[in-house]
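Visitor: Could you take me on a close look at a single part of this structure, please? I would like to see how it is built and then what ties the rest of the chain together.

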Amino acid sequence: MGVPTIGCDCAVCHSTDPHDRRTRPSVLVEYGGRAVLIDTTPDFREQAIRENIRHLDAVLYTHTHADHILGIDDLRPLSFRHKPNRLPLYAHPQAAEFIRNMFRYIFDANYKFGGLPLVEMNPIEGPVELFGVTFEPVTLIHGDAEIFGFRFGPAAYLTDHSEIPESSLARLQNLDILFLDALRYKPHPTHSTVDNSLRVVERLRPKRAFFTHICHDLPHEATNASLPENVKLSYDGMKLEFDL
Ligand SMILES: [Zn+2]
Ligand SMILES: [Zn+2]
Ligand SMILES: [Zn+2]
């Protein structure tokens, strides 16, 4: 829902700490002059302006929930720079189909009035190589749905999930950076919790772990103080460097 959450009077929603202001989750991976975005949130426009994004080379989708796709139309100015080509999007075949149906005006070739994002949808079921870097989908359980996380080099971005299957855990060894869903402390049917994600960190032992998809139950500073040295809450605008 983002923090502050609409209409909420809790302490975190009224916090003056800028780290407690959370737009919807997304990451941008930049390397060798390329920029690959994971998810287009309803806050994508604000995020892109804040981070002064000048170009995008590809977009990967984790799943089709509204908080991960609704910013697709704001790809327009960045997609126009690909003329006469189109900005490539990648998603699981079912997610690709859903996005095509949800945004028919974008993908419907008969729409004649222009002004549309110039994008092309590419269904993927396995690793995809983008400009020399392999992005490997990692299956996650998100309530009763299977969705994608992505591993790229020594980093993995695992947003929305309630569970990580054993077969996926096996593909998350030797990580320098691991992003994990940690919505709150209280159990949730489709999201991981702080305690559950700490158990995953203990098991996978990445060098550094960052929690994401955090709701207004977790104040930034106080929560960070309670976490182990190598685990931190991520925050809007956070930048990490690593060898890809
Ligand atoms: Zn609140
Ligand atoms: Zn979701
Ligand atoms: Zn979500």
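Guide: Along the chain, the donors of the zinc ion (ligand 2) follow the spacing H-x1-H-x76-H-x17-D. In this predicted model, those donors are His63 through NE2, His65 through ND1, His142 through NE2 and Asp160 through OD, at 2.1 to 2.3 Å from the metal. The angles among the four donor atoms run from 90 to 166°, and the site is irregular. Why irregular? A tetrahedral site needs all its angles between 85 and 135 degrees, so the 166° end of the range rules that label out.

The zinc ion (ligand 2) also has a neighbour: the zinc ion (ligand 3) is 3.5 Å away, and Asp160 coordinates both. Now look at where two of the histidines come from. His65 sits in the loop between β3 (58-60) and α2 (66-69), while His142 belongs to strand β7 (residues 133-142), so this pair joins parts that are 77 residues apart in sequence. The two have contrasting surroundings: His65 is partly exposed, at 38% relative accessible area, whereas His142 is buried, at 3%.

Salt bridges tie other parts of the chain together, and the structure holds eleven of them. As background, side chains of opposite charge can pair when their charged atoms come close. One of these bridges joins Lys239 to Glu51, with 2.7 Å between the closest N and O atoms. Here Lys239 lies in the segment after β12 (231-233) and Glu51 in the loop between α1 (44-50) and β3, 188 residues apart. Lys239 is exposed at 63% relative accessibility, and Glu51 is partly exposed at 28%. Both belong to a network of salt bridges that also includes Arg50 and Asp236.

Moving on to the helices, Glu166 forms a salt bridge with Arg203, the closest N and O atoms being 2.8 Å apart. Glu166 is in helix α6 (residues 166-169) and Arg203 in helix α7 (residues 194-204), so the bridge connects parts 37 residues apart in sequence. Glu166 itself is exposed, with a relative accessible area of 51%.

To finish, find Lys207, which forms a salt bridge with Asp176 at 3.0 Å between the closest N and O atoms. Lys207 lies in the loop between α7 and β11 (208-212), and Asp176 in the loop between α6 and β10 (177-181), 31 residues apart. Of these partners, Lys207 is exposed at 60% and Asp176 is partly exposed at 24%.

Technical notes
Residues are numbered from 1 along each chain as its sequence is written. Chains are lettered from A and ligands numbered from 1 in the order in which they are written. This is a predicted model: local features need pLDDT of at least 70, side-chain atom pairs count only at pLDDT 80 or more; totals for chains, interfaces and linings use all residues. Side-chain values use heavy atoms; hydrogens and water are left out. Donors are N, O and S atoms within 2.8 Å of the metal (3.2 Å for Na, K and Ca); water is not among the atoms, so sites may look incomplete. Four donors count as tetrahedral if all angles lie between 85 and 135 degrees; four count as square planar and six as octahedral if opposite donors are over 155 degrees apart and all others between 65 and 115; anything else is irregular. Helices (H or I, at least four residues) and strands (E, at least two) are DSSP runs, numbered from the N terminus. Buried means under 20% relative accessible area, exposed over 50%, partly exposed in between (1.4 Å probe, protein chains only). A salt bridge is a side-chain nitrogen of Lys or Arg within 4 Å of a carboxyl oxygen of Asp or Glu.
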